[in-house]
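Thank you all for making time for this. I would like to walk you through one structure, going slowly enough that anyone new to it can follow along on the screen.

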Amino acid sequence: MNMTLLRPEDYITTQWSGGTTTQLAIAPCGAVYAERNFLWRLSSATVDLDESDFTALPDYRRWISTLRGDMTLTHNGGEALTLHPYDVHEFDGGDDTHSWGKCKDFNLMLRKGKADGSIRTIRVGGGAFSFRTPAQAHSMMLLYCAEGNAAVRCGGKMLGVAAGESVLIEDSAGATATIESAAPAVFMAAQAWEN
């Protein structure tokens, strides 16, 4: 099992037409988002426009949440859905997706037929929260600290993490992980594995 603390200086931030996007992690190692040669990718973007269109990614499933601000989405001109901070929504990357609202978001992209996974919000109200990491081989779990600070324990290792930092747990195959915090904290927990 590998457990790594990722700080903002470890992330890759680039500009897009509506703000910035920060890549937190990507697989396989060395994959390039622009070349669409990745199995999964985790990122966080700022949306500085009142309206924007999502980049079409027909080979990927997407999970999205907002960390700050609300975002309203439509897919293929359908019914509008509003995401408030820490709400999670899954959709097809090939959808014609339009959004309204300035926000900061959190994204997981999974290559169809090659990778699976999900994201969820974990709130720790002072105390401990335990859960199992994915049971599949070659899996990963990334715990992004959106608010507060905490200690993350897994496989006999412990790392302290603060807001804006992440803990990446790889090849843990169903281990128990625990987030411990003396004060309220919010984490986005993303997991992915090869099919």
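Let us begin with strand β4, residues 40-47, and strand β11, residues 103-111, which pair in the antiparallel sense over eight bridges. Please keep in mind throughout that this is a predicted model. If you would like one pair of residues to look for, take Thr46, whose bridge partner in β11 is Lys104. On β11 there is a second pairing to find, since eight bridges also join β6 to β11, and these two strands again run antiparallel. Here the pair to look for is Ser65 and its bridge partner in β11, Phe106. As for how much of β11 is covered, seven of its nine residues are buried.

Now let us step back to the sheet that holds these strands. What is the order of the six strands in this open sheet? Reading across, the order is β2-β3-β4-β11-β6-β9, and the pairing is antiparallel. The edges are formed by β2, residues 12-16, and β9, residues 88-92, and because each of them has a single partner strand, one side of each is left without a neighbour in the sheet. Neighbouring strands in this sheet are turned against each other by 25° on average, if we ignore direction.

From the sheet we can turn to the packing of side chains. As a general background, nonpolar side chains in soluble globular proteins tend to be buried together. In this model the largest nonpolar core has 24 residues, and the members that touch the most others are Trp40, Leu42, Phe106, Leu142 and Tyr144. Which strands each supply at least two residues of this core? They are β3 (19-27), β4, β6 (60-68), β11, β12 (115-132), β13 (139-147) and β17 (176-194). The strand that gives the most to this core is β17, with four residues. Apart from this core lies another one, of 20 residues, which includes Met141, Leu143, Ala150 and Val152.

Tyr144 deserves a moment of its own, and for its contacts we leave aside neighbours within four places in sequence. Among the residues that Tyr144 then contacts are Tyr11, Leu24, Leu67, Lys104 and Phe106, and the list also includes Gly164, Val186, Phe187 and Met188.

Next comes a group of strands around β10. Strand β5, residues 51-53, pairs with β10 in the antiparallel sense over three bridges, while four bridges join β7 to β10, which likewise run antiparallel. It is worth finding His98 on the screen, as this residue of β10 is the bridge partner of Asp53 and also the bridge partner of Thr74. Thr97 lies in β10 too, a strand that covers residues 97-100. Is Thr97 buried or exposed? Its relative accessibility is 0%, so Thr97 counts as buried. Not counting residues up to four places away in sequence, Thr97 touches Ser52, Asp53, Phe54, Leu73, Thr74, His75 and Phe91.

Some details of the backbone also call for attention. Most residues other than glycine have a negative phi, and most peptide bonds are trans. Against that background, the peptide bond from Ala27 to Pro28 is cis, with omega near 0°, and Pro28 has its place in the loop between β3 and β4. Arg36 is found in the loop between β3 and β4 as well, and its phi is positive, near 55°, although the residue is not a glycine. With a relative accessibility of 29%, Arg36 counts as partly exposed. Asn76, another residue that is not a glycine, has a positive phi of about 55°, and this residue is found in the loop between β7 (71-75) and β8 (81-83).

Finally, let me come to the cysteines. How many disulfides are there? The count comes to zero. For Cys154 we can say why: the closest cysteine sulfur, in Cys145, is 17 Å from its own, too far for a bond, given that a disulfide needs the sulfur atoms within 2.5 Å. Cys154 counts as buried, at 2% relative accessibility, whereas Cys29 counts as exposed, at 82%.

Methods. Residues are numbered from 1 along each chain as its sequence is written. This is a predicted model: local features need pLDDT of at least 70, side-chain atom pairs count only at pLDDT 80 or more; totals for chains, interfaces and linings use all residues. Side-chain values use heavy atoms; hydrogens and water are left out. Two strands pair if DSSP finds at least two bridges between them. Axes are lines fitted to C-alpha atoms, for helices over the stretch in contact, and angles run from 0 to 180 degrees between N-to-C directions. A nonpolar core is a set of buried Ala, Val, Leu, Ile, Met, Phe, Trp, Tyr and Cys residues joined through side-chain atoms within 4.5 Å. Buried means under 20% relative accessible area, exposed over 50%, partly exposed in between (1.4 Å probe, protein chains only). Contact means heavy atoms within 4.5 Å.
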